[in-house]
Amino acid sequence: MLIAALPAGARAQASPYIPLDHPLLPLAEYLINRGDIEDPSPMIRPFRRSDLLRVITDAKLDTATAPGRVALTLTRAFTDRSEDAWWRVAPRAGVEAFSWGRRDPLRPAGSGGARPYVDATFEGRFGPLVLATRPAWENRLKLDPDWRGRDIQQTKSAAYRFIEGYISAQFKWARLFYGQMPRNWGPAEVDGLGIAGYAYPRSDIGFDVMLHDLQLNVVGTEISSMTDSSGAAIHRYFVAHRLNLRVKHNLNLAIWETGVLAGKNGSFDPYFRNPLVLMSFPLQFGLADNRNTIIGGDFEWRPRRGLLIQAQAMIDDMLRHKADPNGTGEPSHPGRFAGSLAVAGRLGGRAMWRGTFQLVNSLAYQTIKQEERFIDNGLGIGPSFVDYYKAALSVSVPVGNRWLVAPELALLRQGQGTIDAPFPSGQAYADTPELFIGTVETTRRLGVKATGSYRGVSLQGSTGLNLLRNADHVPGRNDHRFEAHLLLSIGADFRGALK
């Protein structure tokens, strides 16, 4: 039996986005990586529920196969009401248990414990408009060193935030967005080099042109201010734009640019917001160089149905072997760059394998002017960590068509460079290695992830053993650390039509 096609009108309707932490999203990525369905939004996450349903319908998977049964589960979970106007409320509650407060399993930090967890999704569609918000009582945050709100919210153990909250106007070829939700530009489940899903989301304004063979994505926002030596506020703004071209049915190429604009009396200047010019050349506007920009590119190729290759690279500054011959006084210095690679494919008729590699060099996302770094509230807008390379290999197997289990091997080599460290000057700048400042900590991890949902019960968890050499960057110190993170919850789903 083949999965039934969606009604033709449903394909053009506005639809909410699937959050990056949705327990069923890994099942969708499983189908994409195997080549069972097309990627509905190449190297851009999140995508809409309707986009996922469209590619599932187009694939015509046989529900007698494991991928077909997984696709049927996703179709049932993400199909919205057919009316033009509807509402949805989905509360859930459970417990979150963790050995470390930080979410990164390879860089554990913060205290562990078990905390209650409650959130509630409120969604509505009104013709071309979608409204969505998800407040959460997420007490783990008080133990997460990456969450800046822990010192502001005065309660001892309770923490609250909005995981999503946005309004989106969606039309046939264009979408407008205002609000916040986690985003990732790059291979799925790998920190995007321009925009990453690791940082807690900020409110932004987005604009997308979405054709089958061409996509233009624009995001802009004001980010956290800084102060100068006199205490005056320095206003800071971030913008990203990306152009993706589907060269062939199995090949996507994209170029993108991100920038941070900063100044005491600065504003979100129109030239900085223009998505059709490169911010990296401010002289075209007769303007001083008061911004930091990064240029990057994406590559996604499926040489055959069961194999997917994705790559991403960015450059902030070129390596200079000799002092600037033009007399500007710029010394020789290391470059600032990063790159990612993900390769995935089928493993028999049921499983999927995936390998990833990412390198971020020692001074990436930093610059001489502290206010122009790619940091918001202390976290990277792209990756939050620098001076490392990381490799991972996993095998994913669906269980009961609603759960995904993925054993994983991972290797992390982390230098002592940090994204918020003082930028070196003089000879220290020239002597800084492009990779691995100081003592390198090596982490080898053997772990397993499990995620899924059935009849309102959701599970998202990972557990593993980390073996460390030069632990905490102390030469000769070896250690092993058990790392686990489990979120178990039960929820309900209420829906209705609006007149």
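Reader: Why is Y198 called buried?

Author: In this predicted model, Y198 has a relative accessible area of 9%. Buried means under 20%, so Y198 belongs in that class.

Reader: And F385, what makes it count as buried?

Author: The relative accessibility of F385 is 16%. That value also falls under the 20% limit, so F385 counts as buried.

Reader: How many aromatic pairs are there?

Author: The count comes to 10 aromatic pairs. One of them joins Y198 and F385 in an edge-to-face arrangement, with 5.9 Å from centre to centre and 65° between the planes. Y198 sits in the loop between strand 7 (184–185) and strand 8 (204–210), while F385 is in the loop between strand 17 (379–380) and strand 18 (388–399), which puts the partners 187 residues apart.

Reader: Why is the pair of Y198 and F385 called edge-to-face?

Author: Two checks are needed. Ring centres have to lie within 6.5 Å, and these are 5.9 Å apart. Planes over 60 degrees apart count as edge-to-face, and here the angle is 65°. Both conditions hold, so the name fits.

Reader: How do you know that R103 sits over the ring of Y198?

Author: The charged end of R103 is 4.5 Å from the centre of the Y198 ring, and the limit for the distance is 6 Å. R107 lies over the face of F385, at 4.2 Å from the ring centre.

Reader: What about F357, is it buried or partly exposed?

Author: F357 has a relative accessibility of 34%. Buried means under 20% and exposed means over 50%, so F357 falls in between and counts as partly exposed.

Reader: Which residues form one aromatic cluster?

Author: Y17, Y166 and F177 do.

Reader: Now to the charges. How many salt bridges does the structure hold?

Author: It holds 35 salt bridges. In general, side chains of opposite charge can pair when their charged atoms come close.

Reader: What makes the contact of R103 with D144 a salt bridge?

Author: The closest N and O atoms of R103 and D144 are 3.8 Å apart. R103 is in the loop between strand 2 (85–98) and strand 3 (113–126), and D144 is in the loop between strand 4 (129–138) and strand 5 (160–170), 41 residues apart. The cut-off is 4 Å, so 3.8 Å qualifies as a salt bridge.

Reader: Which of the classes do R103 and D144 belong to?

Author: R103, at 25% relative accessibility, counts as partly exposed. D144, at 0%, counts as buried.

Reader: How do you know that E164 and R134 meet in a salt bridge?

Author: Their side chains come to 2.6 Å, N to O. E164 belongs to strand 5 and R134 to strand 4, 30 residues apart. With 4 Å as the limit, the distance of 2.6 Å passes. E164 is buried at 7% relative accessibility, and R134 is buried at 4%.

Reader: What is the distance between the closest N and O atoms of R202 and D376?

Author: In the salt bridge of R202 with D376 these atoms are 2.9 Å apart. R202 lies in the loop between strand 7 and strand 8, and D376 in strand 16 (residues 375–376), so the pair ties together parts that are 174 residues apart in sequence. R202 is buried at 16% relative accessibility, and D376 is buried with a relative accessible area of 9%. Elsewhere, R49, D80, R88, E123, D493 and R495 are joined into one network by salt bridges that share partners.

Reader: Let us turn to empty space. How many cavities of 30 Å³ or more are there?

Author: There are 5. The second largest has a volume of about 170 Å³. It is lined by 18 residues, and Y17, I44, R183, D208 and N217 are the closest to its centre. Strand 8 gives the most to this lining, with 4 residues. By class, the lining of the second largest cavity has 11 nonpolar, 3 polar and 4 charged residues.

Reader: And how much space lies in the largest pocket?

Author: About 860 Å³. Of the 40 residues that line the largest pocket, H22, L24, R88, S453 and D493 lie nearest its centre. Among the elements that give two or more residues to this lining are helix 3 (66–78), strand 20 (441–454) and strand 22 (478–491). The lining of the largest pocket divides into 17 nonpolar, 9 polar and 14 charged residues.

Key. Residues numbered from 1 in each chain as written. Predicted model: local features only at pLDDT ≥ 70, side-chain atom pairs only at ≥ 80, totals over all residues. Heavy atoms only, no water. Phe/Tyr/Trp six-rings, centres within 6.5 Å; stacked < 30°, edge-to-face > 60°. Buried < 20%, exposed > 50% of the residue type's maximum accessible area, 1.4 Å probe, protein only. Lys NZ or Arg CZ within 6 Å of the ring centre and 35° of its normal. 1 Å grid on protein atoms, 1.4 Å probe; cavity = no way out; pocket = protein on both sides within 12 Å on 5 of 7 lines; lining within 4 Å. Points joined across faces, edges and corners; volume = space filled by probe spheres on them. Nonpolar A, V, L, I, M, F, W, Y, C, P; charged D, E, K, R; others polar.
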